[in-house]
Amino acid sequence: MNTEFEESLEELLGEEHEKDHPPLYKVLLHNDDYTTMDFVVEVLVSIFHKTPEEAMDIMLSVHRKGVGLCGVYTHEIAESKVEAVTLHARTHGFPLRTTMEKES
């Protein structure tokens with residue numbers, strides 16, 4: 001049985017732990033009928049710094065499952081990755097959709 005002091009200490013330590021680590025966000029690519037597989041691989045290599053093999057695996061996940069995980073980042077970095085992919089895709093005439101969601 002925990003004492004009141006131990007419970008308070010656990011609460012405090014839990015709050016401190018959360019302050020030390022900002023929440024993380026998953027960046028996801030979504031399948032569409034127009035963006036080429038080669039372009040998706042190029043985005044994963046150039047923006048997410050994946051190896052060609054990792055990029056191919058993620059691209060196949062996007063193609064087969066409809067969505068692929070590009071990486072997990074802090075909010076600011078995830079947001080900048082989403083913006084970079086969207087800008088790059090639109091510049092090249094593709095509707096590639098990228099989203100971010102808070103990791104649970």
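Buried means under 20% relative accessible area, exposed means over 50%, and partly exposed lies in between, with a 1.4 Å probe and protein chains only. The model is predicted: local features need pLDDT of at least 70, side-chain atom pairs count only at pLDDT 80 or more, and totals for chains, interfaces and linings use all residues. Residues are numbered from 1 along each chain as its sequence is written, and side-chain values use heavy atoms, with hydrogens and water left out.

**Exercise 1. Overall layout**

Task: State how many helices and strands the protein has, and give their order.

Solution.
- Step 1: Set the rule. Helices (H or I, at least four residues) and strands (E, at least two) are DSSP runs, numbered from the N terminus.
- Step 2: Count. The protein has 4 helices and 3 strands.
- Step 3: Order them. From the N terminus the elements run α-β-α-α-β-α-β.
- Step 4: Add the burial total. Of the 104 residues, 29% count as buried.
- Step 5: Add the surface. The accessible surface comes to about 7,100 Å², and 55% of this belongs to carbon and sulfur atoms. Accessible areas come from the Shrake-Rupley method with a 1.4 Å probe; for residues, only the protein chains shown count as cover.
- Step 6: Check the range of contacts (heavy atoms within 4.5 Å). Among contacts between residues at least 6 apart in sequence, 73% join residues at least 24 apart.

**Exercise 2. The salt bridge**

Task: Find which residue forms a salt bridge with Lys26, and place both partners.

Solution.
- Step 1: Apply the criterion. A salt bridge is a side-chain nitrogen of Lys or Arg within 4 Å of a carboxyl oxygen of Asp or Glu.
- Step 2: Count. The structure holds 1 salt bridge.
- Step 3: Name the pair. Glu101 bridges to Lys26, with the closest N and O atoms 3.4 Å apart.
- Step 4: Locate it. Glu101 sits in strand 3 (residues 97-102) and Lys26 in strand 1 (residues 24-30), so the pair links parts of the chain 75 residues apart.
- Step 5: Classify. Lys26 is partly exposed at 23% relative accessible area. Glu101 is also partly exposed, at 36%.

**Exercise 3. The packing of helix 2**

Task: List the buried residues of helix 2, then trace the contacts of Leu44.

Solution.
- Step 1: List. Phe39, Val40, Val41, Val43 and Leu44 are buried in helix 2.
- Step 2: Find their partners. The buried residues of helix 2 pack against strand 1, helix 3, strand 2 (67-74) and helix 4 (75-91).
- Step 3: Take Leu44. Its relative accessibility is 0%, which counts as buried.
- Step 4: Trace its contacts. Neighbours within four places in sequence aside, Leu44 touches Leu29, His49, Lys50, Ala55, Ile58, Met59 and Cys70.
- Step 5: Add a distance. Leu44 and Gly71 are 27 residues apart in sequence, and their C-alpha atoms are 9.8 Å apart.

**Exercise 4. The loop after helix 2**

Task: Decide whether Ile47 and His49 are buried or exposed.

Solution.
- Step 1: Place them. Ile47 lies in the loop between helix 2 (37-46) and helix 3 (52-65). His49 lies in the loop between helix 2 and helix 3.
- Step 2: Classify. Ile47 is buried at 14% relative accessibility. His49 is exposed at 62%.
- Step 3: Trace Ile47. Neighbours within four places in sequence aside, Ile47 contacts Lys81, Ala84, Val85 and His88.
- Step 4: Add a distance. The C-alpha atoms of Ile47 and Cys70, 23 residues apart along the chain, are separated by 9.6 Å.
- Step 5: Inspect the backbone. Most residues other than glycine have a negative phi. Phi of His49 is near 55°, a positive value.

**Exercise 5. Strand 2 and Val67**

Task: Determine which residues Val67 contacts beyond its neighbours within four places in sequence.

Solution.
- Step 1: Place it. Val67 is in strand 2.
- Step 2: Classify. Val67 is partly exposed at 30% relative accessibility.
- Step 3: List. The contacts of Val67 are Leu28, Leu29, His30, Ser61 and Val62, leaving aside neighbours within four places in sequence.
- Step 4: Add a distance. Val67 and Leu28 are 39 residues apart in sequence and 6.5 Å apart, C-alpha to C-alpha.
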